[in-house]
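Hi,

Here is the structure I promised to pass on. Have a look at it first, and then read my notes below.

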Amino acid sequence: MTQTTFTPRAFSGIKPSGGLTLGNYLGAIKRWVAMQDDGMETVYCVVDMHAITVWQDPAELRDATREVAAGMLASGIDPARSILFNQARVAEHAELAWIFNCVARVGWMNRMTQFKDKAGKNAEKASLGLYAYPALMAADILLYHGTHVPVGEDQKQHVELTRDIAAKFNHDYKVDFFPLTEPVIEGPGMRVMNLRDGSKKMSKSGDSDMERINMLDDADTIAKKFRKARTDPEPLPEAPADLADRPEAKNLIDIYAALADTGAEAVLAEFGGEGWGRFKPALADLAVDKLAPISTEMRRLLDDPAEIDRTLAAGADRARAIAAPVLARTYDIVGLLRD
Ligand code: AQP
């Protein structure tokens, strides 16, 4: 079989399961903007159908979908250069996901650590959608023949599963139709941790608001959250290697480095050996400096939700123009009759 060469195209998404966090910004959106600015073809999606794998209040889901879109736009995603839309507007995602449900194996799904984390001890009561989520994610990526998927470290396993689904589909149907996708994971701050427990990641839907920085937090709230962020009694170390057993300290230093576009080494060159008294306010100032322009623009955009909806609908039209022929060809390959 000859190997098809696929045009480089990035796909990534964010679930509107709550307001945007600093984790979404540093782990995902910041790099999405860089990929767009590098001239790569980029497709970015508010993955609302993923959000409903756990209960979402309908009115809050609508608000969160617009907030996530506003966050992407305010951070520099340009709808003229990137395709930006919400998943529910392009029905091909759900249709291809069904086919992938029939390609993926139960054994593969059983190995997904995110399902185990999210379902916890109540796996029997989790929705079937939460379990099948990685097949929908594979459909999201492969509908656009996405070759690059810029995600945080936590999503790496799902991107690897996307490769497995593509490879099995190509093998079973003796085609070379879906590309084998690479996760793109790099740079400091790629996994932003919970401010109260450095062993957990910062999440939109965590129990306490104090454990995360929301993109719409004001300056006082950001300062308060960093001031109260958990640390240990030791001073900041001189070298990054000494952060290995200090998850909370490492997290704050990584956040500083990511916001300043530098590395932990440079941060420790400035603050190493000191207590937290100077570092925490400096971190808060830096965060406010970097995030305030984004939150101000987000608020401006959110004042006109109809305009956000128009932007998402226009993006969906462009997305469908790519997705529909890929789905049609998939139906043909599988042997599903259609008009
Ligand atoms: N804490 C994080 N650090 C680095 N990257 C992160 N991402 C999310 N949180 C962090 C990255 O953001 C992109 C979109 O993720 P998502 O919001 O769709 O899904 P999630 O990772 O399940 O996010 P949450 O906030 O943890 O959602 P809830 O609370 O609803 O379960 C991805 O690229 C992700 O890596």
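Which residues are linked with Asp209 in a network of salt bridges? They are Arg212, Asp217 and Lys225. Before you go hunting for them, keep in mind that this is a predicted model.

Now for the overall picture. The protein has 339 residues, and its secondary structure comes to 13 helices and five strands. Its radius of gyration is 21 Å, which agrees with the value near 20 Å that a compact globule with 339 residues would have. Along the principal axes, the C-alpha atoms fill a box of roughly 70 × 45 × 40 Å.

As for what is covered and what isn't, 52% of the residues count as buried. The accessible surface adds up to about 15,700 Å², and carbon and sulfur atoms account for 52% of that area. If you look at contacts with a separation of 6 or more, 77% of them are between residues 24 or more positions apart.

Back to the charged pairs. There are 20 salt bridges in the structure, and a few of them are worth pulling up on screen:

- Lys250 and Asp254: the closest N and O atoms are 2.7 Å apart. Both residues sit in helix α10 (residues 247-259), four residues apart, or about one turn of the helix. Lys250 is partly exposed at 36% relative accessibility, whereas Asp254 counts as buried at 14%.
- Asp78 and Arg81: here the closest N and O atoms are 3.1 Å apart. Both ends are partly exposed, with Asp78 at 25% relative accessible area and Arg81 at 45%.
- Arg278 and Glu270: this salt bridge has its closest N and O atoms 3.9 Å apart. It still makes the list because the cut-off is within 4 Å. Arg278 is partly exposed at 40%, and so is Glu270 at 44%.

One more thing, on the cysteines. How many disulfides does the structure have? The count comes to zero, with the rule asking for a pair of cysteine sulfur atoms within 2.5 Å. Two cysteines you could compare are Cys45, which is buried with a relative accessible area of 0%, and Cys102, which is partly exposed at 47%.

That's what I have so far. Happy to go through it together whenever suits you.

Cheers

Note on methods: Residues numbered from 1 in each chain as written. Predicted model: local features only at pLDDT ≥ 70, side-chain atom pairs only at ≥ 80, totals over all residues. Heavy atoms only, no water. Salt bridge = Lys/Arg side-chain N within 4 Å of Asp/Glu carboxyl O. Buried < 20%, exposed > 50% of the residue type's maximum accessible area, 1.4 Å probe, protein only. Helix = DSSP H or I, 4+ residues; strand = E, 2+ residues; numbered from the N terminus. Rg over C-alpha atoms; globule rule 2.2 N^0.38 Å. Contact = heavy atoms within 4.5 Å. Areas by Shrake-Rupley, 256 points an atom, 1.4 Å probe, with all protein chains shown as cover.
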